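Student: Before we start, I would like to go through this model with the reasoning laid open, so that each label is set against the rule behind it.

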Amino acid sequence: PQAVRLADYRPPAFLIDAVDLDISLDRSKTRVAARLAIRRNPAGQAGAPLALDGDGLVLRRVALDGAPLAPEAYEATPDSFLLRAPPEGPFTLEIETDVDPSANTQLSGLYRSGSAYCTQCEAEGFRRITYFLDRPDVLSVYTTRIEADKSEAPVLLGNGNPVGAGDLDGGRHFAIWRDPFPKPCYLFALVGGDLGHISESYRTSSGRDVELAIYVERGKEPFASYAMDSLVRSMRWDEQAFGREYDLDVFNIVAVSDFNMGAMENKGLNIFNDKYVLASPETATDSDYAGIESVIAHEYFHNWTGNRITCRDWFQLCLKEGLTVYRDQEFSADQRSRAVKRISDVRGLRAQQFPEDAGPLAHPVRPSLYHEINNFYTATVYEKGAEIVRMLKTLIGEADFRRGMDLYFARFDGTAATVEDFLACFAEASGRDLAQFSLWYEQAGTPQISVQSDYDAAAKTFTLALEQSTPPTPGQSDKKPFVIPLALGLIGENGDELTLSAAPGETGASGEECARGVVELSTPKRKIVFENVPSRPVASLLRGFSAPVRLAPPQSAEDLERLLAHDSDSFNRWQAAQSLALRSVFARIEAARGGEGADDKAFFDALKRLVEAGEGDPSLVAQALSLPSEIDIAREMGKDVDPDVIYSARSGLRRDLGRFLAPALAEAHARFAPQEGFSPDAASAGRRAMRNVALDLLAAGDPASGGPLAERQFAEATNMTDRICALATLSHLPGAAREDAFAAFYERYRKDHLVVDKWFALQSTIPEVETTARVARLMAHEDFSLANPNRVRAVVGSFANGNPTRFHALDGSGYALLERVVLELDPKNPQLAARLLSALRSWRSLEERRRKIAETTLRRILATPDLSADVSDIATRALG
Ligand code: B3K
Ligand code: ZN
């Protein structure tokens with residue numbers, strides 16, 4: 001396909017003010033009648049023909065202002081519709097198309113999930129339903145009439161408010177929905193099916209009543225209650241934190257089992273992957289509960305950031321996604337533990353976005369060119385996009401940030417906006433020039449900050465010499481300096497927090513910087529001198545991960561130990577533990593090559609004190625004990641990565657740590673045994689996290705005692721977190737006990753597809769040679785299907801992204817498995833196939849032998865005939 005460039009943006013030549021749809025649902029032949037009220041855009045190109053987008057459509061009938069169109073007046077293919085000489089004044093175009101929902105395996109447009117009809121239109125699925133100006137800057141008011149067999153689809157849902165319904169002859173019935181808020185077509189949705197639901201009334205802060213409902217597969221209604229609870233809390237939070245109220249009479253959520261991503265924010269009718277709706281203590285883990293809470297919030301928050309204010313074009317995707325991720329992260333932080341939430345968000349950013357930014361698929365948060373927009377729903381656009389919003393708030397302060405948001409909502413409500421529009425509001429609210437700050441949207445790559453520190457005991461001054469640099473990324477060889485907010489503090493000898501006082505003159509930090517504990521690095525280098533420093537301090541840098549950067553070089557072990565014991569910033573205490581663990585892993589790798597071994601005594605002692613302290617937040621202790629993953633370690637290595645070497649070094653650390661801490665861990669495992677009753681709240685989840693990290697380390701240290709302990713916990717568990725964690729621990733211990741546990745788990749949960757996904761996923765990540773064959777067997781299992789994205793991700797996604805030693809096996813068997821699946825899936829569901837293939841995005845950082853096999857694999861895939869735009873785009877850029 002053609003490259004699309006931001007620089008080529010032109011306003012649409014036509015606008016579509018109103019859309020009337022009449023959709024008659026049928027399994028294989030759904031009739032879509034669209035009546036479009038069109039006029040020329042005064043800001044668009046004069047005299048242009050009307051070119052509508054289509055994708056695989058069958059045209060039945062077309063009429064202009066009520067009269068059938070002569071064949072020479074238009075040109076229609078399945079993928080386009082051209083009206084050669086449209087009227088100069090406003091006109092009505094009626095178009096009737098046929099679509100086949102049953103044949104739609106791409107899960108884009110109108111398709112069937114189970115026995116229900118549903119839609120997914122973002123980014124370009126509406127054109128698979130009817131011919132349209134399928135671009136986000138064309139906003140229309142929609143009225144949708146949906147007709148279906150009443151027995152097959154008693155529930156008929158659309159965008160906006162319900163305005164009519166009735167029975168028809170022949171067992172058919174209809175419902176009419178009207179959405180008064182102009183919206184782009186990517187926010188269109190409909191659902192028809194025989195669904196159960198739960199409902200609740202909500203009164204907004206200004207006293208409007210809203211009827212909330214969540215629709216699920218019949219019989220699953222009780223499992224939607226946590227999602228409903230999350231929705232109500234999200235609605236209240238958005239009123240309080242951002243002054244945003246809901247605006248329709250109803251808000252509906254529908255859970256479906258076949259969905260390409262997490263969920264979709266269609267106006268008034270969110271459609272969800274049921275993984276982010278359904279939960280019960282028996283079937284959902286704490287991280288499932290947290291995921292439901294955040295995705296429900298995310299989609300709800302889109303009502304203002306995405307729907308009321310949408311994007312002018314798809315290059316502006318971060319305008320709604322980065323901002324909405326920022327909002328959902330803040331919501332979860334307020335509902336749970338802010339520190340734990342920050343740690344888990346940063347873990348996610350480093351695991352997903354950093355590798356993307358460091359490899360061939362790197363792109364700016366606002367890209368300037370794409371071939372397939374569906375490949376840009378990335379960690380960079382979403383998670384780094386959220387970090388930019390967070391940095392903006394850190395730089396201008398909370399009050400100006402809120403004023404900027406208010407201005408943005410007031411000024412751009414009802415429009416399709418740009419990143420420039422957004423930034424202008426904050427520049428105005430804060431009086432600050434954000435021109436350099438906007439580079440965060442333009443330049444890809446993760447900045448690296450190096451730090452030299454020097455303590456002058458005679459002068460009692462402490463000097464920090466900071467330097468930033470950003471590596472080249474595809475299409476961007478030279479980088480300008482970013483504006484980087486660096487939150488910091490100084491920890492004195494006794495572990496006390498020192499008051500920052502800057503030396504006067506140009507090397508000083510400003511009084512405001514000192515007071516806030518945030519310095520700004522906006523030049524390539526900056527030297528800062530602090531005075532009145534009584535003894536050599538340790539700098540706690542990048543507190544709370546105040547910017548998406550890498551800090552180098554790592555601090556000394558002694559400094560890190562001081563931070564781990566004393567830093568007032570919980571994030572940096574956790575970071576110190578991670579850094580110490582990384583040091584240990586690298587020392588072990590050196591030792592295996594004949595270098596000096598690791599001396600972990602002080603590190604292990606510090607962790608022991610944490611475990612034994614027994615006070616404070618167990619979830620933070622659990623985070624400190626959760627060692628960097630193999631993927632974290634590979635990323636820190638950066639080049640010539642050998643996953644086998646990483647695996648054995650990390651396993652060695654886990655074994656030694658488990659042995660060293662064994663008594664403390666056994667005590668913690670017992671101390672945090674389940675209490676009466678189950679609560680998904682953060683405090684209870686923290687207790688379970690601590691208990692399970694203890695179990696896992698115990699078993700790593702001594703399988704002979706840890707194994708039976710895990711077996712017992714597996715058998716006696718009263719919730720899914722404890723059960724699946726026990727199974728995960730067992731999964732690393734080869735033998736009959738493990739296979740028995742997997743069999744028992746399957747027997748117990750075989751009817752619950754979301755739990756069966758866990759069963760598949762866990763087996764795919766077993767770090768043993770035999771696993772690749774196991775994965776092939778799992779793909780032949782009666783419950784496996786390429787048609788269900790969750791299942792494919794559970795088996796193949798988990799293998800490719802969560803099992804580094806097997807996926808990167810030296811015999812190429814892991815890549816061969818991925819290649820086979822990608823090519824088989826591509827004709828059916830290209831979006832999913834492309835997503836799976838991006839598991840190879842870091843191939844260049846591998847050691848030579850693996851690098852060669854990965855490259856050959858990518859080249860072979862790219863040479864396959866009839867590849868989708870999605871997969872060929874990923875393969876091309878990965879090789880580029
Ligand atoms: N906006 C959707 C993502 C659509 C992805 C299309 N390939 C979900 C979300 O970010 O809320
Ligand atoms: Zn989103």
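**Labels and their grounds**

Tutor: Let us begin with F714, which has its place in helix α17, residues 703-716; please keep in mind throughout that this is a predicted model.

Student: Why is F714 called buried?

Tutor: A residue is buried if 20 or more other C-beta atoms lie within 10 Å of its own. F714 has 23 C-beta neighbours inside 10 Å, and therefore it counts as buried.

Student: Which residues is F714 in contact with, once its neighbours within four places in sequence are left aside?

Tutor: The contacts of F714 are then R723, A726, L727, L730 and A741, where contact requires the C-beta atoms of the two residues to lie within 7 Å. As for T729, it is 15 residues from F714 in sequence, and their C-alpha atoms are 9.7 Å apart in space.

Student: What makes β4 and β7 edge strands?

Tutor: They belong to an open sheet of three strands in the order β4-β8-β7, with antiparallel pairing. In this sheet β4 (50-53) and β7 (74-77) each pair on one side only, and they are its edge strands. Neighbouring strands of the sheet are turned by 10 degrees against each other on average, direction ignored.

Student: How do you know that β4 is paired with β8?

Tutor: Two strands pair if at least two bridges are found between them. Four bridges join β4 to β8, residues 80-83, and the two strands run antiparallel, so the requirement of at least two is met. One example of a bridge partner is L83 in β8, which is matched with L50.

Student: Which residues touch the most other members of the largest nonpolar core?

Tutor: That core has 251 residues, and V191, V254, I271, V277 and L486 are the ones that touch the most other members. Helix α16, residues 682-701, gives the most to this core, with ten residues. For V254, leaving aside neighbours within four places in sequence, the contacts are C118, L157, V191, L195, Y215, I271 and F272.

Student: How do helices α26 and α27 cross?

Tutor: The axes of α26 (residues 848-862) and α27 (residues 869-879) come within 9 Å and cross at roughly 140 degrees, and the crossing is left-handed. On the α26 side L858, R859, I861 and L862 take part, meeting V871, S872, A875, T876, A878 and L879 in α27.

Student: Where does UniProt place the domain "Aminopeptidase N-like N-terminal"?

Tutor: The unreviewed UniProt entry places this feature at residues 20-187. In the model that span is 0% helix and 53% strand, with its end C-alpha atoms 15 Å apart.

Conventions
Residues numbered from 1 in each chain as written. Chains lettered and ligands numbered in written order. Predicted model: local features only at pLDDT ≥ 70, side-chain atom pairs only at ≥ 80, totals over all residues. UniProt positions renumbered as here; feature names shortened; annotations may be inferred. Axes fitted to C-alpha atoms, helices over the stretch in contact; angles between N-to-C directions. Core = buried A, V, L, I, M, F, W, Y, C linked by C-beta atoms within 7 Å. Buried ≥ 20, exposed ≤ 12 C-beta atoms within 10 Å, placed from the backbone. Left-handed = near helix turned anticlockwise from the far one by under 90°.
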